[in-house]
Amino acid sequence: MKQRKTPVTASHVDDASNKKPSSRSPKPKISSPSLFEVFLLCLVTRITNSLLVQTYFNPDEHWQALEVAHRITFGYGHLTWEWKKGIRSYLHPVLFAALYKALAFLRLDTPWFMIRAPRLLQSIYAAIGDLYVYKFSRVLFGVNVAKWALFAQLTNWFTFFCITRTLSNSLETVLTLVSLYYWPCLRVFSTEVPSGSRKYALAIAAAACAVRPTSAITWIYIGCLELFTTLDKLKFVLLEVVPIGALVLGLTFLLDCQFYGSWVNVPYNFLKFNFFSSGGDYYGTHPWHWYMTQGFTVMLFTYIPFFIAGVITSKEWKLPGLIAWVLGIYSLLGHKEFRFVLPVLPIALMFSGYFLANLEQRVLSERKVKEKSTSHIKPFPKLQMAVLFLLVTNIPMALYMSTVHQRGTEDVMNYLAKEAQENKVKSILFLTPCHATPYYSTLHYNLPMRFLDCTPSEEKGIRDESDQFLEDPLGFATNLALNWSHIVLFDSQEKQLKQFLVSHHFHEV
């Protein structure tokens, strides 16, 4: 095993123009944009992205982040059963609580800002993640690959659809990308890392685990890889992993203790419910191969062939191994969701960028050969066709999913928020599957509201209120749907309850 040399300074690492490209990377001579220019591009893109996202994706975006933050800041908001059982950390909601505090202090807590500001804040985090996709690709493969990796990151439909949402998975993805950049074991040459970078990597990885304990799946793989490649194994474990992990997680424990009012071991409770007791299966299960055949393939979409070709041509195994590891471990769980594997999507897109850069180099080489020959036949625009294909397939999908698909549940709360500010709403009943809409964090008005409860029962065979309503809408509504000024329900149930609603003087708005 080859011993590492003395690490170079950070300034030498970040200066891509002074870095000799790896023999594996495509090497056309091109100018390198500054990191500020790259970040500015990412920031403008993600801000636009966040403003375009107007649809509902997953309840956790509102109920496990913004609703909790709203309760912290304004004193009212609903805490779901997860917070009563202590399986969620306050670390993520506190970020948005600080934002709400700032809005309240500036008297900007109007419906527009309350709806848009959280995603605008997340767009800043997302832009930082995009920047690190560029930086990580650059140190691994060179500037040209980094540009194409950033192109793939910014144009992939699922990244556009999900990364600016206030899900803990979105922040976990950003933290994962930042941390990966600093791990020595992932570099082509381990001497290319700044002094102390491994400590930064560990601290950020610990923060990712604090936000989502299942992020440990990623860091077990990376930690084992680092342990295998480093010579100072005892120093790595005893003087870095243990103290840094204890410090970050200890601070998180103190934060959770402050808000829960007692000592709560959130990582243990989270893993116990989702892994050891398969509690997540209550929300549905999928076959073991779902991520490979449906989930991750849908997320990559038309980037799949470029990803596969990039992995093959790059001859890099560590990062593809990480993707396979994460997908494999998550495949062992019954309950599966797209967002769970979001942190490894940008890594796959990096390899798509590698192949696009390789394709560009081949096109340029062919063009030079044609220019030297007497033939006037233009080379086939392979690169242009590939780019056009990716844009035509991803951009419409991103726009449709972000602006059209399932936007009704967002629109209804936006409408009610404006009506409530004008004192036109007295109380609201939600006759929908539980957590199907945003709640107080969007309404931002303290009035009586009720939704159908779906807290998992410890006794098998007990149906929750959502199931009871869907089985017998009229019978359930007869006992519940009185003394409310507004009722929210989906079109399919509205048709079944139309006569009942009209007889009780409700009308559609």
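Reader: Let's start with burial: what percentage of the 509 residues of the chain count as buried?
Author: Happy to begin there, and please keep in mind that this is a predicted model. A residue counts as buried when its relative accessible area is under 20%. Of the 509 residues in the chain, the share that passes this cut-off is 54%.

Reader: Thanks! How many helices and how many strands make up the secondary structure of the chain?
Author: The chain has helices as well as strands. Among the helices are α17, at residues 345-372, and α23, at residues 491-503. The full tally is 23 helices and three strands.

Reader: What share of the contacts with a separation of 6 or more comes from residues 24 or more positions apart?
Author: Take the contacts in the chain whose partners have a separation of 6 or more. Among these, the part owed to residues 24 or more positions apart is 77%.

Reader: On to the sheet. In what order do its three strands lie?
Author: The sheet is open, and its pairing is parallel. Its edge strands are β2 (449-451) and β3 (486-489), each of which pairs on one side only. On average, neighbouring strands are turned by 15° against each other, ignoring direction. Reading across the sheet, the order is β2-β1-β3.

Reader: Which residue of β3 is the bridge partner of F430?
Author: Strand β1, residues 428-431, runs parallel to β3 and is joined to it by four bridges. I428 stands opposite H486 of β3. For F430, the bridge partner in β3 is V488.

Reader: Why can β3 have residues on both sides, and which of them are buried on each side?
Author: In a regular strand, side chains alternate between the two faces of the sheet. In β3, both faces are covered. One side has H486 and V488, and the other has the likewise buried I487 and L489.

Reader: Which helix gives the most residues to the largest nonpolar core?
Author: That core has 95 residues, and those with the most contacts inside it include F136, W183 and F296. Leaving out residues up to four places away in sequence, F296 touches Y291, I323, L327, V341, V344, L345 and A348. Another core, of 18 residues, lies apart from it and includes I428, F430, F451 and V488. As for the largest core, the helix that gives the most, with 12 residues, is α17.

Reader: Now my favourite topic, pockets. What is the volume of the largest pocket, and which helix supplies the largest share of its lining?
Author: The lining has 42 residues, and N58, Y283, H335, E337 and R339 lie nearest the centre of the pocket. Helices α3 (60-74), α4 (81-84), α13 (266-276) and α21 (465-471) each supply at least two lining residues. The volume is about 970 Å³, and the largest share of the lining, four residues, comes from α13.

Reader: And the enclosed spaces: how many cavities of 30 Å³ or more are there, and what is the volume of the largest cavity?
Author: The largest cavity is lined by 18 residues, with Q64, R88, S89, S168 and V211 nearest its centre. At least two lining residues come from each of α3, α5 (91-105), α10 (197-211) and α13; the largest share, three residues, is from α3. The count of cavities of 30 Å³ or more is four, and the largest cavity has a volume of about 150 Å³.

Reader: Is Q493 buried or exposed?
Author: Q493 is found in helix α23. Not counting neighbours within four places in sequence, Q493 is in contact with F469 and L470. Its C-alpha atom is separated by 7.0 Å from that of P473, 20 residues apart along the chain. With a relative accessible area of 8%, therefore under the 20% cut-off, Q493 is buried.

Reader: H435 and H505 both caught my eye for their phi values. Which of them is buried and which is exposed?
Author: H435, in the loop between β1 and α20 (440-443), has a positive phi of about 60° although it is not a glycine. H505, in the segment after α23, also has a positive phi, near 70°. The relative accessible area of H435 is 13%, so H435 is buried. At 73% relative accessibility, over the 50% cut-off, H505 is exposed.

Methods
Residues numbered from 1 in each chain as written. Predicted model: local features only at pLDDT ≥ 70, side-chain atom pairs only at ≥ 80, totals over all residues. Heavy atoms only, no water. Pairing = 2+ DSSP bridges. Axes fitted to C-alpha atoms, helices over the stretch in contact; angles between N-to-C directions. Core = buried A, V, L, I, M, F, W, Y, C linked by side-chain atoms within 4.5 Å. Buried < 20%, exposed > 50% of the residue type's maximum accessible area, 1.4 Å probe, protein only. Contact = heavy atoms within 4.5 Å. 1 Å grid on protein atoms, 1.4 Å probe; cavity = no way out; pocket = protein on both sides within 12 Å on 5 of 7 lines; lining within 4 Å. Points joined across faces, edges and corners; volume = space filled by probe spheres on them.
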